[in-house]
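Work through the exercises below with the sequence and the 3D structure at hand. Try each task before reading its solution.

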Amino acid sequence: MKKIFVIDWILIPVFVLSAFSGIQLHVAGHGTSHEVWHHWAVFHIIASILFLIAVILHVQTHWGWYKSLVRSGLGKKSKAAVAVTLFFVVLAATGLVLFVVEGANSGIGLWHYRIGLVASLLFLEHIIRRLPMLRKTLSHKMSVRRLKATD
């Protein structure tokens, strides 16, 4: 399987873990147990770092698309893909700022949460639109395995 598709498949579970842990972290911020909040914060940081690494690798595989966007403008490029990119950049930036913020329920943390909810919807839409193509990468690999097994 090509590197680009491996990265695309990795993005799905790390996105789910990051989004889920972010929502749980927000919910835990309304609770009374700092320990529970702390555990969700650690889990969210780890999941989000993995997501960030996968996104960086994903962007590298699509670097030509980004270069042509800068060089030629939006043109016929997907406005949804541009929105996903912009929301991810803002989400990652606010997340990085939170490394220097102490405690739960900070103003920037609440903005990060709200942006994360909207970004998650955009990311889901981005994934859903590409699932048929991603599924083909699995069925192609299965077909190749079947052919090799019968040789």
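Five exercises follow, each with a worked solution.

The model is predicted: local features need pLDDT of at least 70, side-chain atom pairs count only at pLDDT 80 or more, and totals for chains, interfaces and linings use all residues. Residues are numbered from 1 along each chain as its sequence is written, and side-chain values use heavy atoms, with hydrogens and water left out.

**Exercise 1. Overall description**

State the secondary structure content of the protein and the box that its C-alpha atoms fill.

Solution. Start with the elements: helices (H or I, at least four residues) and strands (E, at least two) are DSSP runs, numbered from the N terminus. The protein has 5 helices and 0 strands, in the order α-α-α-α-α along the sequence. Next, take the principal axes: along them the C-alpha atoms fill a box of roughly 60 × 45 × 20 Å. Then turn to contacts, meaning heavy atoms within 4.5 Å. Of the contacts with a separation of 6 or more, 68% join residues 24 or more positions apart.

**Exercise 2. Helix spans**

Compare the end-to-end distances of α2 and α4 with the spans expected at 1.5 Å a residue.

Solution. The expected span of a helix is 1.5 Å times one less than its number of residues. For α2, with 28 residues, 40 Å is expected, and the distance from its first C-alpha to its last is close to that, at 40 Å. For α4, the 19 residues should span 27 Å, and the end C-alpha atoms are 27 Å apart, so the two values agree.

**Exercise 3. Burial and the core**

List the buried residues of α2 and α4, then find which elements supply the largest nonpolar core.

Solution. Buried means under 20% relative accessible area, exposed over 50%, and partly exposed in between (1.4 Å probe, protein chains only). Of the 151 residues, 27% count as buried. In α2 the buried residues are Trp37, Ala41, His44, Ala47, Phe51, Ala54, Val55 and His58. In α4 they are Ala81, Val82, Val84, Phe88, Leu91 and Thr94.

A nonpolar core is a set of buried Ala, Val, Leu, Ile, Met, Phe, Trp, Tyr and Cys residues joined through side-chain atoms within 4.5 Å. The largest one has 15 residues, of which Leu11, Phe15, Phe51, Val55, Phe88, Leu91 and Phe123 touch the most other members. Two or more residues come from each of α1 (3-29), α2 (34-61), α4 (79-97) and α5 (107-150). The most come from α5, with 5 residues. Not counting residues up to four places away in sequence, Val55 touches Leu11 and Phe88.

**Exercise 4. Histidine 112**

Is histidine 112 buried or exposed, and which residues does it contact beyond its sequence neighbours?

Solution. Histidine 112 lies in α5. Its relative accessibility is 14%, so it counts as buried. Leaving aside neighbours within four places in sequence, histidine 112 contacts His44, Leu91, Thr94, Gly95 and Leu98.

**Exercise 5. Two partly exposed residues**

Place tryptophan 63 and glycine 73 in the fold, and classify their exposure.

Solution. Tryptophan 63 belongs to helix α3 (residues 63-72). Its relative accessibility of 49% makes tryptophan 63 partly exposed. The C-alpha atoms of tryptophan 63 and glutamate 102 are 36 Å apart, with these positions 39 residues apart along the chain. Glycine 73 sits in the loop between α3 and α4, and at 28% relative accessibility it counts as partly exposed. From glycine 73 to glutamine 24, 49 residues apart along the chain, the C-alpha separation is 39 Å.
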